[in-house]
Amino acid sequence: MTETSLRVEIADRRQAAEDIIVLDLIPVEGTTLPPFEPGAHVDVEIGPDLVRQYSLCGDPSRTDRYRLGILLDPASRGGSAGIHAQFQVGRRVTISAPRNNFPLASAAATVLVGGGIGITPLLAMAHHLHAVGLPFRLHYCARARAKAAFLAELAEAPYADSVRLHFDDGGPDQRLDPSRDFPAPSEGAHLYVCGPTGFMDWVIGSATKLGYPDAQVHKEYFGAEVDASGGAFEVELSRSGRVVPVAAGQSIVAALKTVGVRVEVSCEQGVCGTCLCDVLEGVPDHRDSYLTDDEKGGNDQMMLCCSRAKTPRLVLDL
């Protein structure tokens, strides 16, 4: 980890819903943990060369513990499966200091929309907004009540009146309806959404139809399908002049690893920003969900875990 590492201990583990566990992490030395902003995450070291990012879902005003909610992904590549199998109370774990790629802005009204485990960063936002007295509405969507975590916590929260629950297997009247449930964008409302890609695309598309400008819509993907298709190309490492071939269907990270060049990665799906790299020459074929459209248009940076090349060679600042 390039960020400052923290040693923490699992103080509590509980089953919060089907396939979802909640972990409370406390500092090993009995000191306080660094404060974090709502929307922040930490990198969690699960095993050798296995690091994953998880949002902090506790109250940002607390510095005695961090809370994580972790879904057992049926398509897990070792991350969530390793945590569910191995992370028990008393285990000591290395994590990074908090980082925030999903910051919360001050707005006249705030709409928080979480799909499934995407509720986690929004819980910290709800804690903060209530504490500072800013109006908000938290919409929590899940396939079924049994698959929704944090329900008891939300029912007892001081902001419980601002929470709305929506279940796919419930009646049509309780399902999320953006045209009914979102305030007018002209009122200065900002929308924050996190969840599965398809769910997020629907929410964001609905907000766009309602007139929300891009500047008032904020998103964080916790997982995305990676399109690995495409032909072979080369990457040149500017600091050594070394040229490395990248085969069809092979990631740049994987190609570099074969020649002994290690790039720090976390999500490996183009959503976290860990493997962001400057591009000095050539045109990237962006496949990530992290960079904005404007940033992608500049073609001067790219995510090495998933993106490819539109030109025969890319020159990277490595």
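**Entry 1: a turn between two strands**

I began with D19, which sits in the loop between strand 1 and strand 2. The model I am reading is a predicted one. I looked up the phi of D19 and found a positive value near 65°, in a residue other than glycine. I noted this down because most residues other than glycine have a negative phi. Is D19 buried, exposed or partly exposed? I found a relative accessibility of 38%, so D19 counts as partly exposed.

I then turned to N299, in the loop between helix 7 (293-298) and strand 16 (301-303). Its phi is also positive, near 55°, and N299 is not a glycine. With a relative accessible area of 24%, N299 is partly exposed.

**Entry 2: strands 8 and 9**

Next I followed strand 8 (residues 136-142) and strand 9 (residues 163-167). They run parallel, and I found 5 bridges joining them. Which residue of strand 9 stands opposite L138? I traced it to V163. Helix 3 (residues 151-156) belongs in this picture too: strand 8, helix 3 and strand 9 make a β-α-β unit, and the unit is right-handed.

**Entry 3: a histidine in strand 8**

I stayed in strand 8 to look at H139. Its relative accessibility is 1%, so I wrote it down as buried, the cut-off being under 20%. Which side chain does the side chain of H139 meet in a polar contact? I found H166 as the partner, at 2.9 Å. I also listed what H139 is in contact with, leaving aside neighbours within four places in sequence: V111, L112, V113, G114, R164, H166, L176 and D181.

**Entry 4: the nonpolar cores**

Here I had a general idea in mind: in soluble globular proteins, nonpolar side chains tend to be buried together. I looked up the largest nonpolar core and found 29 residues in it, with L112, L122, L123, L138 and Y159 having the most contacts inside. Strand 1 (5-17), strand 2 (20-27), helix 2 (120-132), strand 8, helix 3, strand 9 and strand 10 (189-195) each give two or more residues to this core. Which element gives the most? Helix 2 does, with 5 residues.

I picked Y159 for a closer look. Not counting neighbours within four places in sequence, Y159 is in contact with L123, A126, H127, H130, F136, L138 and L154. Apart from the core of Y159 lies another one, of 23 residues, and L25, L33, F36 and A124 are among them.

**Entry 5: cysteines**

How many disulfides are there? I counted 0. C57 is in none, and the nearest cysteine sulfur, that of C194, is 12 Å away. I also saw that C57 is buried, with a relative accessible area of 0%. For C277, the closest cysteine sulfur is in C275, at 8.8 Å, which is too far for a bond, so I left that pair unlinked. C277 has 5% relative accessibility and therefore counts as buried.

**Entry 6: an exposed proline**

I ended at P312, in the loop between strand 17 (308-309) and strand 18 (313-316). Buried or exposed? P312 is exposed, with a relative accessible area of 68%. Leaving out residues up to four places away in sequence, P312 touches F233 and E234. I also checked P312 against S96, 216 residues apart from it along the chain, and found 36 Å between their C-alpha atoms.

Definitions and conventions: Residues numbered from 1 in each chain as written. Predicted model: local features only at pLDDT ≥ 70, side-chain atom pairs only at ≥ 80, totals over all residues. Heavy atoms only, no water. Pairing = 2+ DSSP bridges. Helix = DSSP H or I, 4+ residues; strand = E, 2+ residues; numbered from the N terminus. Right-handed = clockwise from strand over helix to strand, strands pointing away. Core = buried A, V, L, I, M, F, W, Y, C linked by side-chain atoms within 4.5 Å. Buried < 20%, exposed > 50% of the residue type's maximum accessible area, 1.4 Å probe, protein only. Contact = heavy atoms within 4.5 Å. Disulfide = S-S within 2.5 Å. Polar contact = N/O pair within 3.5 Å; in protein donor to acceptor, adjacent residues only side chain to side chain.
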